[in-house]
Amino acid sequence: MSWVNRGFILLNRYAVVASIFVGVVALSLRLLLLLVIARPQPFLDDEFSYLLAADTFSHGRLTNPTHPMWIHFETFHELMHPTYASRYPPGMGLMLALGQVVFHDPWAAVLVGMAVLCGLITWALWGWLPPRWAIAGGLIAALQLTGSYWSESYWGGTLAAIGGALVAGALARLMRQPAAASSLAFGLGLAILANSRPYEGLVFGALCTVFLLVRLRLLVQRGYQSYSGLVRSVGLPIAYVLLPTLIWMATYNYRVTGSPLLMPYKLYERQYTSWSPFLLSNKPRPEPRYNHEIFHFYWVVMAMGQQSYRDHILYNHLKNILELIFFFLPLPVLFCVLLGGKNLIRNRRLRIPLALLLLFYLGLAVEPNLFPHYFAPATVLVFLIAAAAVQDFLSRFAPGKSRMIALGVLCCCMVSLPRDPFFQSPPPQLLLHRREFIANRNFVLKKLENEPGQILVFVRYQKPLFEEEWVHNDADIDGSRIVWAHAMPGGKDEELLWYYPNRRAWLLELYDYSKLTLVPMNAERDVAH
């Protein structure tokens with residue numbers, strides 16, 4: 001028991017020790033789940049786009065030259081010109097590239113990232129709550145987020161949540177005692193947010209900066225700090241982080257889009273989309289010219305739902321709020337939040353986090369949809385409220401046996417109650433398509449792996465299929481053993497065959513989510529699945 005007591009003393013005394021402990025718990029949980037849940041395979045177009053960025057960075061490049069036959073390789077969420085690159089900010093791609101280089105598996109970075117996030121949530125909550133409740137908040141995050149699509153895909157909000165945790169944790173410390181170390185953490189969090197979720201990170205970072213500036217001004221007025229001292233302890237450390245970050249972002253934008261001020265995401269919107277990502281614009285732009293029918297189906301036909309979002313704003317916001325609540329909060333913790341709502345609002349310690357949470361949501365309300373990974377920068381605030389709610393709930397019981405029984409019941413409910421798959425992962429219909437897509441893709445890859453030489457696969461859709469795009473290639477298209485291309489009429493396919501004279505050509509025809517044929521070009525369709 002002496003070792004156990006020493007362990008508890010260390011956990012309650014040192015934030016770093018507690019954070020490492022919670023991170024190890026989160027990592028161990030997912031490793032245990034490998035017994036029943038295999039490592040994820042990419043399915044969504046967003047995931048393939050992030051993996052393209054990871055493959056590009058892992059080979060020491062910021063982007064790739066436009067392929068001379070790029071029109072065959074167009075796919076969702078990827079730029080083809082002026083360069084071949086992912087449309088998304090580079091943060092997630094860099095994280096996946098780290099996993100690919102160090103562990104030879106991009107998902108390893110997702111796994112480690114989730115552990116780092118849970119540990120940083122504990123560190124951040126240490127600045128707002130007593131140590132034991134900071135640890136409780138980190139453990140709740142580990143139980144709730146492990147197994148969600150944040151850890152089971154390549155497009156979750158883990159990295160943005162890490163940035164938000166650094167900013168919120170540093171904010172709590174800087175408001176009490178300005179110091180260079182906390183300022184560096186604040187600046188690092190802002191840099192991560194800018195390279196993972198630029199708009200949402202801007203809203204969260206700006207709100208935290210305003211609260212920090214107000215607090216620092218009060219400290220100066222009361223004579224606790226001087227402006228020169230704050231410049232040295234707060235301003236300069238943050239500038240040391242943000243200035244190189246801005247130079248990096250401008251360089252990356254220039255290499256990808258040709259302009260240091262034009263982000264790849266914005267350029268992709270100009271090339272392919274009609275609707276603005278914000279509700280401020282109520283009319284679509286003129287429809288771009290598409291080279292493939294599947295793009296028209298996705299960006300025009302399926303995007304007609306954008307008008308519905310704008311016509312039913314209140315309904316969609318209510319739906320978004322419910323999705324966020326059930327994604328982040330286990331049902332027992334949600335019960336604690338509802339039960340202690342008045343006490344939480346009256347708690348002076350929680351006034352700033354609650355105000356930040358409300359203002360952050362209002363800042364994001366201009367977006368038609370609000371997925372959990374959009375809300376990722378404020379993840380730490382949600383679990384801060386969750387830990388405070390559990391603390392308030394247990395305080396209603398007398399210290400000793402009664403409180404321990406209540407704690408035990410609460411923990412058992414959190415572990416045993418199932419989580420709603422609709423809120424914890426993509427909708428059931430999309431999950432069904434995911435299983436079918438992965439099974440079909442594995443079938444095709446296994447068939448092609450047994451074929452000799454290099455291979456070119458022409459993909460032909462008999463009808464457009466939502467969220468089922470097969471044309472995804474590596475950063476070095478010509479160097480890949482299997483190259484995926486859209487089949488095109490008018491002699492276009494012959495041009496690609498002339499470009500790849502030494503590749504064996506196959507035709508993959510897709511009829512629906514479960515039926516396809518794979519045959520050598522110009523051969524009879526003797527392979528069916």
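**Cysteines, cavities and helix H6**

Cys 118 is buried, its relative accessible area coming out at 0%. This is a predicted model, and its disulfide count is zero. For Cys 118 the reason is plain distance: the closest cysteine sulfur, in Cys 411, sits 16 Å away, which is too far for a bond. Cys 411 isn't in a disulfide either, with the sulfur of Cys 412 as its nearest cysteine sulfur at 7.0 Å. Cys 411 is partly exposed, at a relative accessible area of 38%.

Next, the empty space. Three cavities of 30 Å³ or more turn up in the structure, and the largest has a volume of about 100 Å³. Its lining takes in 13 residues, and those closest to the centre are Tyr 50, Met 92, Gly 156, Ser 196 and Arg 197. Helix H7 (residues 158–176) supplies the largest share of this lining, three residues. By class, the lining splits into six nonpolar, six polar and one charged.

The second largest cavity holds about 60 Å³. Here helix H10 (residues 227–257) gives the most to the lining, again with three residues. Seven of the lining residues are nonpolar, two are polar and none is charged; among them are Pro 89, Pro 90, Met 249, Tyr 252 and Pro 264.

Helix H6 (residues 131–145) behaves as the arithmetic says: at 1.5 Å a residue its 15 residues should span 21 Å, and the end C-alpha atoms are indeed 21 Å apart. Eleven of the 15 residues are buried, so H6 is largely enclosed by the rest of the structure. The buried set includes Trp 133, Ile 135, Ile 140, Gln 144 and Leu 145. Just after H6, Gly 147 adopts a positive phi of about 100°.

Technical notes. Residues numbered from 1 in each chain as written. Predicted model: local features only at pLDDT ≥ 70, side-chain atom pairs only at ≥ 80, totals over all residues. Heavy atoms only, no water. Helix = DSSP H or I, 4+ residues; strand = E, 2+ residues; numbered from the N terminus. Expected span 1.5 Å × (residues − 1). Buried < 20%, exposed > 50% of the residue type's maximum accessible area, 1.4 Å probe, protein only. Disulfide = S-S within 2.5 Å. 1 Å grid on protein atoms, 1.4 Å probe; cavity = no way out; pocket = protein on both sides within 12 Å on 5 of 7 lines; lining within 4 Å. Points joined across faces, edges and corners; volume = space filled by probe spheres on them. Nonpolar A, V, L, I, M, F, W, Y, C, P; charged D, E, K, R; others polar.
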